[in-house]
Amino acid sequence: APENNKKIILGGFIWKINIRNDSSVTVLFFLFLQGGNITFIAKVEAKDLLRKPNVKWFKGKWMDLASKAGKHLQLKESFERHTKIHTFEMHIIQAKENYAGNYRCEVSYKDKFDSCSFDLEVTGKIPIVFVNGDGQDDAGELDFSGLLKRREVKQQEEEPEVDVWELLKNANPSEYEKIAFQYGITDLRGMLKRLKRMKREVKKSAAFSKGLDPAYQVDKGGKVRFMVELADPTVELKWYKNGQEIRPSAKYIFEHKGNQRILFINNCTMTDDARYYVTAGDEKCSTELFVRDPPILVTKGLEDTSTYVGERVELSCEVSEDDANVKWFKNGVELTNEPKSRYRIKVEGKKHTLIIEEAAKNDNATYSVMTTGGQSEAKLSVDLRPLKISLALEDQTVRLGQEIHLKCEISENVEGKWYKNGQLIEASDRVKLYHKGRIHRFIIASAAVDDEGEYMFVPDAYNINIPCKVHVVDPPKLHLDGLGENNTVTVVAGTKLRLEIPITGEPTPKVMWSRGDKWITDSGRIRAETYSDSSCLVIDTAEREDSGPFRITLKNEAGEDSALINIKVVDVPDPPQAPNVTEVGEDWCIMTWEPPANDGGSPILGYFIERKKKQSSRWMRLNFELCKETTFEPKKMIEGVAYEVRVFAVNAIGTSKPSMPSKSFVPLAVTSPPTLLAVDSVTDTTVTMKWRPPDHIGAAGLDGYVVEYCFEGTDEWIVANPELTDKTKFTITGLPTGSKILVRVKAVNAAGESEPRYHPQPILVKEVIEPPKIRLPRHLKQTYTRRVGETVNLVIPFQGRPRAKVSWQKNGSPIDKNQINIRNTENDTIIFIRKAERSHSGEYDMKVEVENLVDKATIDIQIVDRPGPPEIVTIEDVWGENVNLSWKPPKDDGNAAITGYTIQKADKKSMEWFTVIEHYHRTSATINELVIGNEYYFRVFAENMCGLSEDATMTKESALIAKDGKVYKYPVYDDFDFTERPLFTQPLINTFAVAGYNATLNCSVRGNPKPKITWLKNKVAILNDPRYRMFGNQGVCTLEIRKPSPYDGGTYTCRAVNELGEAEVDCKLEVKGKGFNSLQMYCSSEHHLHRRQKHARQKQKEIKQVFSFP
């Protein structure tokens, strides 16, 4: 083995690939061994390549070794400039056995591609490398024993018997085809399927003590022996081939030896290559038989051959069998007999011939033939014939548009290529290439400027060229097709203009730019740049002053051409003037503005509008589509907030700067009209109107009202109040008696006057007598109760015109004004008692007089105080732990009903009082659970709605609870009769209702059994009417009238009926319009309802106390 530091060249091969039609690249591969390290080197000769070829290394089919580079694998590349050789190296460091496998190197350049593969085997000795060229051109084989040397016939040495089945079973799938060719396997796919079946696990058989082997092989014409051993020799045995039973014959011989059953197949042919199995009862045992062809020998080898390019070449050999399978190789690469291939393979019995119809230079190679039993190889050398030029190309000068015709003649009939300035020329519709025999012609029907240059014809396969020059003359010309109308070029201000004008002319014309009398040089902000086929006018940061005509002039020896080019510099428009806000609404305004003074050279397309709050710095865009007009209406603003607006002008170039903001403005809205305009009073010369404030006032607030009137039949409205009034009532004075006027009222604020509210009908200016009517509040229709010391302040409204007179009496006598204060107005009267006393209780009569008309009302005022103590408390009886007490009600009940008593006890020893019973309603009670042996005193307090009496009445004697008890005799009570006919404890009350607002009628009734309640209107029962709701709760009966109208007024009756009788109570309901004081009615009705419910609960408590037992 070589030393570790010594590099030894073991072998090399040459690989050529065609990169272009006119040149080739030679790739050299070298293999080096450095101890345990391996180096592969690929050198690419690329003299005519414009860039480096692309080289990739692979292991297997797809593993790119560039991704595996690291400690054990390194890829390097270099380039020698003098020799123009690219070197690519792959280093395998410290090779291991798992590094073995197939490697491939691929070289590609533009659309050309080729590759070479080689196998690496790592053993304990020198690594072995097999190289297979996959390229389409010359390839070589790397061998360590000089296999590239020419030899006539190499016969295969005698080898020991090889089991093909075992060989396939243990082989790599990539080696299947190699094994199939070597051992004459014609149906490789079928063999692999059979091999797969053989690999399946065979279950143990009870019928066969020894079965067939998984596979057998035999040479063609030989004899094979199948043997099985039966566990039971009496079992019937049958043999099958591919599912068909085998019968005994001269070919198939059956033999029995004890438990052994043997089948001999004589003179095996390829048809015997099949699957066999033997059955014993229900079980079977199978095997595969492979019949191998005998090796094919090469009886006559190939011979070295030399020829010229274009000649027909035949390479022949003979084999030992007719129509044998023979493979041809060129530099180790297999050749196929495909229709498009340059190579044709001819078979005549035992003779096999490789035919090349027209030999080429790249056919120089080593050709080999391989059979299953041998191989032969020879070298083919293809040379060129000497070439002579009979007619050379001539230099030509042509005018633009004339024909270019180049012609040459050579001694050989070979193809060639035309070049212009070193670039290959392909035939096209414009360029015609002709080849007839030894004459080659190049024709361009119409010469162009680009056709000028050096032309050259190069025959294929010869290192010779035939040159000439073509000169095309053309007068100068400007090509202005890409410019706009009148050669106008538009540029945006602030941007860079680079105007490129294509020019033609041969020779290249001289270009001059000018503006007026001033020539433009090749430097500065405005400059000219000239190229071979164009000239550029460059303006850095265009300005509006750059607009105007520019002249370009071309001159050469063939003529002159010039043109004027108009440069138009456009810009965004100037900002418009500050907009004016002409009208303001609740959440909108109307704004106008003037167009900008300068539109920037491009028409104004529209405007963008923005707004912001005055105190804010954030502007908001109001329109996303351009506004074409110079007026706009912003909306959705907040009332009462100050705003500013501004405008942007837009043209095709862009958007201008914003205008100055407008003057700040505040969106304000007038109020809604006043509501509920009605006549309050009328005299012979005045009319008093009243109304309610507007429903919507807004951020501008309300400054006041304007009252206007006009006489019926005229359209002239007269302002009744020159100055605004902030009240909702106004008297129009100075009116003629008997006239009719129309009245309207407007609300006024900072935004202006609201829409007027009109009185619906004309008003007659004449005082009308209104009969007196006392509007007694509902809570005063019952007894009005107050405690001693509280304030009494009663307001009783009334109506009556004109000059109603009010008088009061108490219990039929005039009221003492020193004790009770009375104050009267036009619409109500007030009775006021600062500190009530019990002497103020009584019935107060009110009378309202208007001329001869009178209305009266009575108010019952009750001033209550705490009651006095009970009169006498007596100990009626003492037994066991109980004491029975009785007492008499107090003489002074405090002007209110006694609601209960409180009983206390005290031990005679301590005289500390403890409450025993509270809120007790009877005048006798039994005290229980007293301590035996103690002596007690008792006292009783009276209680009414004001509280307990200040003093209590105590028993004169004490009650001793003796230790010796006595038997208590329970009193005998008769059963109480609870039955009762219906009785209304609270009647219905005449009620006033407001149209459109729900009204309720309430009363309370008792009776046992529970009475049935029926409601009637005008003596007609109310049944299934959705406008009425009837319900009751603990004796309180309620009728609800939903949104009544004046037609719902009348007499309503509540009837209660049970087995013992019936009772009725009725009231009157009057429905007023919406102008009626609904709030007062609502409060009054609620007060009466609460009082009735409280009264009903009090009655229920009394009933329970009456029928409760100790």
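Two strands pair if DSSP finds at least two bridges between them; strands are DSSP runs (E, at least two residues), numbered from the N terminus. The model is predicted: local features need pLDDT of at least 70, side-chain atom pairs count only at pLDDT 80 or more, and totals for chains, interfaces and linings use all residues. Residues are numbered from 1 along each chain as its sequence is written, and side-chain values use heavy atoms, with hydrogens and water left out.

**Exercise 1.** Determine which strand order the open sheet of 5 strands has, and which strands stand at its edges.

*Solution.* Step 1: the order is β81-β88-β87-β83-β84, with mixed pairing. Step 2: β81 (991-994) and β84 (1020-1021) each have a single partner strand, so one side of each lacks a neighbour in the sheet.

**Exercise 2.** Find the bridge partner of T1014 in β87.

*Solution.* Step 1: β83 (residues 1012-1017) and β87 (residues 1050-1058) are paired in the antiparallel sense over 6 bridges. Step 2: T1014 has R1055 as its bridge partner in β87.

**Exercise 3.** State which side chains of β39 are buried, and how this strand pairs with β46.

*Solution.* Step 1: buried means under 20% relative accessible area (1.4 Å probe, protein chains only). Step 2: in β39 (residues 488-492), V489 and V491 point to one face and are buried, whereas T488, T490 and V492 point to the other and are not. Step 3: β39 pairs with β46 (residues 559-570) in the parallel sense over 5 bridges. Step 4: the partner of T490 in β46 is K568.

Technical notes:
Helices (H or I, at least four residues) and strands (E, at least two) are DSSP runs, numbered from the N terminus. Buried means under 20% relative accessible area, exposed over 50%, partly exposed in between (1.4 Å probe, protein chains only).
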